[in-house]
Amino acid sequence: MPGPVSGSGRLDVSKPIRPFESGAADGRKRSGKPIKFFKKGKKDKRDKKAGKSKSGRRRERALPALFQPMELRDQHIRNRIWMPPMDTYSVLRHDGVPTNFHYQHYVSRALGGFGVVIGEATAVDPQGRISPCDVGLWNDEQTRAWQGIVRDVKAAGAIPVVQLNHSGRKGSSGCSSMGYINATVPVAEGGWQPVGPSPIAFGKMAVPVQLSRAQIASIVADFRAAAVRAVQAGFLGVELHAAHGYLLSQFLDPLINRRNDEYGGDLSGRMRLLIQVTDAVREVIPSGMPLLVRMSATDWATGGWGLDETIRTAKVLKLHGVDLIDVSTGGLVPGVEIPAAPNYQVPFSYQVRSQVLIPTTAVGLITKPKQADRIIRKGLADAVEIGRASLRDPYWPLRAAYKLGLSAQQTPYPEPYRRGAYGIAR
């Protein structure tokens, strides 16, 4: 198999994914004999460009890089198109239990052909929620509710991954159903006192209480317990949220973490909590289950967290059993200017991938099939995450397959949907 896959089936991140010999993903390079048609004319030219046979059906072709399968530990992933974690703030009962909305939200993307479906930020304890409207995984009722969602995501062919999170100083924020957007929800209205590495507020939100060593140890235990519940719920992977200014990334960032104990100071101190959480989770999940970490590669602030520290931390995480770094940026400190544009975070993913020699994902304004395929084909990341575009189109992978010239038989259609495949005339 071409691409960054070694003979053992494990990802070889030292090599880029190269175009297949039978044709690059954009269709411009081909080898072998050209396809011959019995008739000439405009329709013949259109069919040749689309790779269609005389009957009008597309010929099967080599899979483009975006649709190559990949392996992470024991998990076989059908393609390189992942749904990233995106908070929906839709637990209207404020009890952390996922609802029918969450079932529809996640299972529809699995039916839509995504290779991996990563659940939204899932709190490891009630005070770890971003808002009262977040999902959680700290009790049996939540575990049971996740089981049905996870079962049917797997039945649809996707790999379900849970993202475990503690919000830290960004906790107790509002949501659309209750207001207090970018503000702290008062305790009297269902909010709570946020906590953090240091008593430094995020913007205009409440000043967090600095965590004691005992409280830090309790949070590590909460991550461990949530990971046990994730296994019970049937998830096939766990991601730790150490990005976007939530608790694990707050400890990493020197602009936020001003502690003078073993959890502060230099990088080894600031990454201590993340490593402790990583070890606790790795100990209780199966050896064949992938462990991912999402990191903000930069906080975009002068004197703050940057790519060099991200790479150094990722190297340590790799030694502690992490299998992939989900590379994003920003969200740690307010008021910074982020140069958002198509592919703006891809170079960070490439640098982590090439310098740490660990699989990575790329995310951020990746919306077009050829754009996504090019990222994989050039070895800039091992998978792409289609975020907001997947909110518009739950079946983005099915459309991408058509755009990249795959036949309906090569496309991950659910069998009942195959007769409605793109390109069928009726």
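**Close-up 1. A salt bridge between Asp326 and Arg294.** The side chains of Asp326 and Arg294 pair up here, with N and O 3.3 Å apart; a salt bridge means a side-chain nitrogen of Lys or Arg within 4 Å of a carboxyl oxygen of Asp or Glu. Asp326 sits in strand β12 (residues 324–328) and Arg294 in strand β11 (residues 291–296), so this pair ties together parts that are 32 residues apart in sequence. Helices (H or I, at least four residues) and strands (E, at least two) are DSSP runs, numbered from the N terminus. Asp326 is buried, at 0% relative accessible area, and Arg294 is buried too, at 4%; buried means under 20%, exposed over 50% and partly exposed in between, using a 1.4 Å probe and protein chains only. Elsewhere, salt bridges with shared partners link Arg73, Arg282 and Asp323 into one network.

A word on the model: it's predicted, so local features need pLDDT of at least 70 and side-chain atom pairs count only at pLDDT 80 or more, while totals for chains, interfaces and linings use all residues. Residues are numbered from 1 along each chain as its sequence is written, and side-chain values use heavy atoms, with hydrogens and water left out.

**Close-up 2. Two more salt bridges, out of 15 in the whole structure.** Arg93 and Asp95 meet at 3.3 Å, N to O, and Arg93 counts as exposed, with 64% relative accessibility. Arg151 bridges to Asp152, their closest N and O atoms being 3.0 Å apart. Asp152 is buried, at 19% relative accessible area.

**Close-up 3. Val238 in the largest nonpolar core.** A nonpolar core is a set of buried Ala, Val, Leu, Ile, Met, Phe, Trp, Tyr and Cys residues joined through side-chain atoms within 4.5 Å. This one has 82 residues, and Leu164, Val238, Leu240 and Ile325 touch the most other members. Helix α4 (residues 213–233) chips in the largest share, eight residues. Leaving aside residues up to four places away in sequence, Val238 touches a set that includes Val161, Leu164, Ala230, Ile285 and Met289, where contact means heavy atoms within 4.5 Å.

**Close-up 4. The largest pocket, at about 1300 Å³.** On a 1 Å grid over the protein atoms alone, a pocket is an open set of points with protein on both sides within 12 Å along at least five of seven lines, a cavity is a set where a 1.4 Å probe fits but cannot get out, and lining residues have an atom within 4 Å of a point. Grid points are joined across faces, edges and corners, and volume is the space filled by probe spheres set on them. Of the 42 lining residues, Pro85, Met86, His244, Tyr246 and Arg388 are closest to the centre. Helix α11 gives the most, with four residues.

**Close-up 5. The largest cavity, with about 60 Å³ of space.** Its lining includes Tyr106, Trp146, Ile149, Val153 and Phe235. Helix α3 gives the most, four residues. By class, ten lining residues are nonpolar, one is polar and none is charged; Ala, Val, Leu, Ile, Met, Phe, Trp, Tyr, Cys and Pro count as nonpolar, Asp, Glu, Lys and Arg as charged, and the others, Gly among them, as polar.

**Close-up 6. Helix α10, mostly covered.** Seven of the nine residues of α10 (369–377) are buried, among them Gln371, Asp373 and Arg377. The cover includes α9 (346–356), β13 (360–363), β14 (383–385) and α12 (396–403). After α10 comes Gly379, with a positive phi near 75°.
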